[in-house]
Amino acid sequence: MHEFLNDPVDVAVDFSGLKVRPQKVRWGNQTYDIQKTNLVHGAREGTKRIFYFSVSDNANFMKLRLDTETLEWRLVEVYAV
Amino acid sequence: MRSEKIILHIDFNSFFASVEQQANPFLRGKAIAVAGKGKEAIDVHSIEKKGARVRVDNLPYMRSVITTASREAKAQGIKTAMATWEARRILPSLLIIPGDPRKYSEITSRMMTILRSYADAVEQFSADEAFADITCASGGDYLGATLLGERIRADIKRECGAYCTASIGISNNRLLSKLASESFKPNGFTVVPPEDALAFTASRPLQDFCGIGPRIVKRLESLGVTSIETLRSFPLSRLTHEFKSYGQFLFDAAHGRGSDLVSDDVRDPKSVGHSYTFPSNLLSHAEVRKNLLFLADRVASRMRKHGFASTHLTAYVRYEDFSGTGATKKFKEPICDGLEILENALKLLSPTIEVDRGIRLLGVTASGLTKLQGSFPLLHKESQTRKALRSLDKITARYGSGTWQRASTLSTEFKERVSGWHYDHEA
Ligand SMILES: [Mg+2]
């Protein structure tokens, strides 16, 4: 299943040095333990700075979007095996 | 001391597809293709904005074109620019992924940052390719150049991820370094010192040379030229008779000669330009106008963002066979409005443009930049335009580009870059 969406999620992060690494993602009633952060990329929307985290566990890929202005996390892409 | 330059060419392998595989480990080792622009293309960014839900695993994608195929897909016959329906017919299990320009441009800029940290000058050639002049950085010899190339490769692996592999070529000009990097994929590293140039070029097929397209190959074949060796022994006078000034290029290419100029765009703030390579050739004046307007608006808004207006405008076109034309015009009054840039660009191109030859690339460059004056133009209409532009620029600065669009381009849906656009979502 490969889906693009825009759902609010709760994300627990770990700071290793200055790097932000998602550890747990709570989406609906389910919590996912993140195992790998495969790519982090940024983008600018006008004055806003957005960060995207491409993360995965054993069976799911998730792309998370962090709006640094509102500090809001969104799940914007899911790929499940 | 050598007086010759040392030029490095770097090219990501299956770029968009590799970045997708880097981001999503479940795509690794699989035949995937990144879908290009087209009526059905999915704009990842606009889904985010609208908050819609789109399942992409069983979309038909009948009319779209493939921008990049993964190495696994290529091994099964999937090619760049292939129609999606055709690719699906060849390989029904092919996974088609919507393009995500923000991801790709991040990797591109990481590559550029790495190159800039080492090289004397760096020129981005496309989304996944760049030339670097490493003459001084390498100490001027091929041992130094080889070590430097290896260091760049290690940095790319660390900064971009192990899946984003690149091929590197090093030689004494652009033509040879690109030919070298393309001779070994993926993850190649090919060094061609000048003394090997003749043997190396002779070992490569004609169509592998940058600037020798399929049409040129056909024309050469009709003259009995089927390889670099036969091209080399073909009289220059006959080449120039047949191909005009392009004949000299062909003659030089056959001898491994070419430009070694790497123009560092970062150190050249004297112009603002945008060009676009179309996924499929343009064949009508209406399409040319629409796309030129889009380019003109981008150029204009970037100029105004930095507080400039321009006194010189260049418009150019490149055809399918890489030949092309262009012209430059000088203005008394500096201009900074996209519509004005469009009208002038059209005037510049109209005497020479041959739409039915198939347009591969359009470009607009504004140069002779002067500080934009705050004073109001005398004509009422101009002052209205200036006010409107100022408000639109504020909107762009706050919310990003793509927030507004001219009514005349509404029938074309412009999507965030999938291939070709440079810098266009940096607003
Ligand atoms: Mg490439």
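Visitor: What makes residue pairs between chain A and chain B count as polar contacts, and how many are there?
Guide: There are 10 such pairs, with both residues at pLDDT 80 or more. A polar contact is a pair of N or O atoms within 3.5 Å; within protein, one atom must be able to donate a hydrogen and the other to accept it, and residues adjacent in sequence count only if both atoms are side-chain atoms. This is a predicted model, in which local features need pLDDT of at least 70 and side-chain atom pairs count only at pLDDT 80 or more, while totals for chains, interfaces and linings use all residues. Residues are numbered from 1 along each chain as its sequence is written, chains are lettered from A and ligands numbered from 1 in the order in which they are written, and side-chain values use heavy atoms, without hydrogens and water.

Visitor: Why is the pair B:Arg53 and A:Asp7 called a salt bridge?
Guide: The term requires a side-chain nitrogen of Lys or Arg within 4 Å of a carboxyl oxygen of Asp or Glu. The side chains of B:Arg53 and A:Asp7 meet at 3.2 Å, N to O, so the pair qualifies. The rule finds four salt bridges across the interface of chain A and chain B.

Visitor: Which element gives the largest share of the side of chain A that touches chain B?
Guide: Strand 5 of chain A, with eight residues. Strands (E, at least two residues) and helices (H or I, at least four) are DSSP runs, numbered from the N terminus. In contact, meaning heavy atoms within 4.5 Å, are 33 residues from chain A and 39 residues from chain B.

Visitor: What makes B:Asp11, B:Phe12 and B:Asp128 donors of the magnesium ion?
Guide: Donors are N, O and S atoms within 2.8 Å of the metal (3.2 Å for Na, K and Ca); water is not among the atoms, so sites may look incomplete. B:Asp11 (OD), B:Phe12 (O) and B:Asp128 (OD) coordinate the ion at 2.2 to 2.3 Å, so they meet the limit.

Visitor: Why does the pair B:Phe12 and B:Asp128 tie together parts far along the sequence?
Guide: B:Phe12 lies in strand 1 (residues 7-12) of chain B and B:Asp128 in the loop between strand 6 (121-126) and strand 7 (129-133), so the parts joined are 116 residues apart in sequence. Both B:Phe12 and B:Asp128 are buried, that is, under 20% relative accessible area (exposed is over 50%, partly exposed in between; 1.4 Å probe, protein chains only).
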